[in-house]
Amino acid sequence: MDKKMLIDELKRCNDIQPDEFDGTYSSVREAVECYAKLKKTMLIDYKDLDLLYYLSLGIWKTDKTERRTRIQNSHLLHFDKINLDSALEKIWSRGARMLFNHVIDKREMEFLSNPLTFKNSLVAEKPESIQFFFKLCINLSGLDSDSKLLDTAQKMLTAQVRDSGLPVFAVSRILHCLRPNTFPILGESATDSAVFSAMGLELKKKDDITQYIYNCRRIQEFRDSHFRFKNMRVFDVMSWKLVNAGSPPAENKEPEPKEKTLAEYQMKKHEASLNQILYGPPGTGKTYNVVKYAVELIEGKKTAPDEPYSAVRARYDKYAASGQIKFTTFHQSLSYEEFVEGIRPVVVDRYGNDTNTAHADTTVIYRPYNGIFKALCEKASKSPNMKFVAIIDEINRGNISRIFGELITLIEGSKRGTSVILPYSQTDFTVPKNLYILGTMNTADRSIAMLDTALRRRFDFIEMMPQPSLLGDCDGVDLCQLLTALNERIEYYYDREHAIGHAYFMNSGGCIRSLNELREVFSTKIIPLLQEYFFDDYERIKLVLNDDNSFIECISPKYIKRFDSGQKLYRLGNPMNWNREQFVNIYSDV
């Protein structure tokens with residue numbers, strides 16, 4: 001299509017109403033509003049960029065599981081995650097109606113529905129640039145005029161992200177979804193913005209973040225002088241038409257080799273990381289889920305959603321018995337010698353044979369011995385076609401540098417296969433690529449912010465927060481609402497890392513069902529946990545429980561002769577006196 005025909009066709013194009021296109025606009029706006037509530041922006045990293053870019057692509061053709069996984073992996077507040085997922089569900093169930101008449105070609109469909117991650121990109125190593133970009137998105141959401149939007153973006157995009165590796169294709173899509181009439185989509189290798197080249201519109205380096213706003217102004221000026229429409233997505237739609245009309249997509253096409261540009265990870269498939277940590281408050285199912293994760297890593301595929309846990313557990317036990325899975329728990333006294341290798345005294349006779357009896361003709365020598373991790377590494381090295389998993393429960397409780405030693409370098413994905421000489425045995429040692437390390441971490445026991453930086457860099461962190469939706473009715477008490485109310489107050493009065501997990505309200509048969517079970521859970525688990533969180537602050541505990549002097553009884557001293565301080569005494573109420581209405585009152589009387 002020549003330049004004149006293309007411009008004539010664009011002149012006939014109708015404008016695109018953002019919320020009638022495919023739901024991406026509403027989705028990104030909802031997510032940015034949630035991030036605007038986040039006070040600890042230092043937590044934002046590539047996983048949050050993964051989520052925002054994923055929403056900007058259009059999730060109407062992908063699995064809900066992928067969407068929810070990305071939301072859970074983000075650093076949004078717990079209840080904002082729940083609210084965002086609910087909002088997206090509404091958007092894509094009733095709002096993503098594709099009212100704009102645009103036929104999605106196979107090539108575009110593959111591009112839009114292909115999950116990706118920025119994990120191994122340059123920008124992942126500089127989370128401060130991602131945090132800065134999120135601040136930009138939040139700032140832009142409060143501006144309206146094109147001049148203010150472009151001026152603000154110009155200042156921020158050149159000040160902090162010049163050499164960060166923040167990709168234009170992601171930035172432009174996200175900004176476009178926030179302000180579709182101001183920001184065009186640029187830098188995507190799939191289309192290479194073909195419409196602008198075909199029209200003869202000269203743009204500066206489209207994949208250079210520092211030139212993006214300049215290009216925005218050029219495109220906006222050209223649009224306003226030639227066309228009636230305002231939404232920049234019209235140009236993107238036309239680029240896809242030009243690309244699809246040029247040549248059909250090749251079948252069974254080999255993956256493109258790595259380029260020097262950022263496009264190399266634009267279509268990157270999500271792969272299981274060699275090192276992962278499941279972290280979250282107590283009772284969120286970390287140890288429960290580590291069984292499923294370990295089986296999935298060894299088998300190289302997801303377990304079926306409807307597969308009973310008992311079946312997964314049986315396969316886990318089989319792999320553990322064969323030595324493919326090794327489970328250990330870190331604690332304050334665990335050392336390098338127990339985890340990697342150490343030396344131990346051995347009694348030998350004059351001929352060098354081991355003996356259990358010491359006498360005049362025996363002597364003591366010291367021999368190196370393999371620790372838990374080294375033994376598993378050696379076994380994995382001998383069976384390169386099999387997968388092995390080392391599970392480390394409570395990984396944050398150990399002294400990481402003391403336990404791992406030089407292995408903290410070898411466990412990194414890029415260093416797998418590299419050898420070092422161990423100090424005791426003086427032998428070469430490597431951590432093989434077929435060994436996965438899976439850890440669990442209780443955030444209530446020790447804040448994730450205190451975790452060893454070296455460990456943080458080498459592990460993917462998968463957040464596991466309470467899932468109230470797994471709970472149901474318990475003799476007239478809505479446990480879903482009850483747990484949601486408790487955790488919202490705990491997050492408000494303390495922090496989100498000390499939320500209460502759904503597992504406290506579950507047993508081997510699922511959700512608890514009787515009032516007696518609920519009384520026992522509160523008296524033996526929930527209230528003692530709150531006593532630990534809010535030590536000696538019973539008024540705060542009563543606020544969390546919305547208590548009317550039932551769960552925690554407040555009494556005035558009776559045997560104090562001169563009592564004038566107003567001090568009160570607190571006692572745990574009698575569980576047998578707790579009735580249904582008092583539990584319902586926790587979430588209903590607000």
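1. In this predicted model, strand β1 (residues 275–280) is joined to β8 by six bridges, and the two strands run parallel. Within this pairing, Ile277 of β1 stands opposite Gly439 in β8. On the other pairing of β8, five bridges connect it with β5, again in the parallel sense, and here Gly439 in β8 is the bridge partner of Ile392. Gly439 can therefore serve as a landmark when the sheet is inspected, because Ile277 stands opposite it and Ile392 has it as bridge partner, where paired strands are ones between which at least two bridges are found.

2. The strands just described belong to an open sheet of five strands, whose order is β2-β5-β8-β1-β9 and whose pairing is parallel. Its edge strands are β2 (325–329) and β9 (460–463), each of which pairs on one side only, and from one strand to the next the twist averages 20°. At the β2 edge, the pairing with strand β5 (residues 388–393) is parallel and extends over five bridges, with Lys326 standing opposite Ala390 in β5.

3. How many of the eight residues of strand β8 (residues 435–442) are buried? Eight of the eight are, so β8 is largely enclosed by the rest of the structure. Both of its faces are covered, with Leu435, Ile437, Gly439 and Met441 buried on one side, and Tyr436, Leu438, Thr440 and Asn442 buried on the other.

4. Phe339 deserves a separate look. It is placed in helix α15 (residues 336–339), and with a relative accessible area of 2% it counts as buried, because the limit for that class is under 20%. Which residues is Phe339 in contact with, once its neighbours within four places in sequence are left aside? They are Thr328, Phe330, Gly371, Ile372, Phe373, Lys374, Ile392, Ile403 and Phe404. For Gly371, which is 32 residues from Phe339 along the chain, the separation of the two C-alpha atoms is 4.5 Å. Ile392, one of the contacts of Phe339, is also the residue whose bridge partner in β8 is Gly439.

5. As for the nonpolar interior, the largest core has 76 residues, and those with the most contacts inside it are Leu10, Phe133, Phe183, Met199 and Phe235. Apart from this core lies another, of 33 residues, among them Ile500, Leu530, Leu545 and Ile586. Taking Phe183 as an example from the largest core, and leaving aside its neighbours within four places in sequence, its contacts are with Leu140, Leu149, Leu150, Ala153, Leu175, His176, Tyr212, Ile213, Cys216 and Met232. As background, nonpolar side chains tend to be buried together in soluble globular proteins.

6. Helix α3 (residues 46–57) and helix α7 (residues 127–140) have axes that come within 9 Å and cross at roughly 40°, which means that α3 is oblique to α7. The contact is made by Tyr46, Asp48, Leu49 and Leu52 on the α3 side, and by Ile130, Phe133 and Phe134 on the α7 side. Phe133 is also among the residues with the most contacts inside the largest nonpolar core.

7. A second helix pair consists of α21 (residues 515–533) and α23 (residues 580–588), whose axes come within 11 Å and cross at roughly 60°, so that α21 is likewise oblique to α23. This crossing is left-handed. Leu515, Leu518, Arg519 and Phe522 of α21 make the contact with Arg580, Phe583 and Ile586 of α23, and Ile586 is among the residues of the core of 33 residues.

8. Two loop residues merit checking for their backbone angles. Gln426, in the loop between β6 (420–421) and β7 (428–429), has a phi near 55°, a positive value in a residue other than glycine; at 56% relative accessibility, Gln426 counts as exposed, because exposed means over 50%. Asn546, in the loop between α22 (538–545) and β14 (552–555), has a phi near 50°, also positive in a residue other than glycine, and with a relative accessible area of 22% Asn546 is partly exposed.

9. For the chain as a whole, there are 23 helices and 15 strands, and buried residues make up 48% of the 590 residues. Of the contacts between residues at least 6 apart in sequence, 72% join residues at least 24 apart.

Methods:
Residues are numbered from 1 along each chain as its sequence is written. This is a predicted model: local features need pLDDT of at least 70, side-chain atom pairs count only at pLDDT 80 or more; totals for chains, interfaces and linings use all residues. Side-chain values use heavy atoms; hydrogens and water are left out. Helices (H or I, at least four residues) and strands (E, at least two) are DSSP runs, numbered from the N terminus. Axes are lines fitted to C-alpha atoms, for helices over the stretch in contact, and angles run from 0 to 180 degrees between N-to-C directions. A nonpolar core is a set of buried Ala, Val, Leu, Ile, Met, Phe, Trp, Tyr and Cys residues joined through side-chain atoms within 4.5 Å. Buried means under 20% relative accessible area, exposed over 50%, partly exposed in between (1.4 Å probe, protein chains only). Contact means heavy atoms within 4.5 Å. Angles under 35 degrees count as roughly parallel, over 145 as roughly antiparallel, 65 to 115 as roughly perpendicular and the rest as oblique. A crossing is left-handed if the near helix is turned anticlockwise from the far one by less than a right angle, and right-handed if clockwise.
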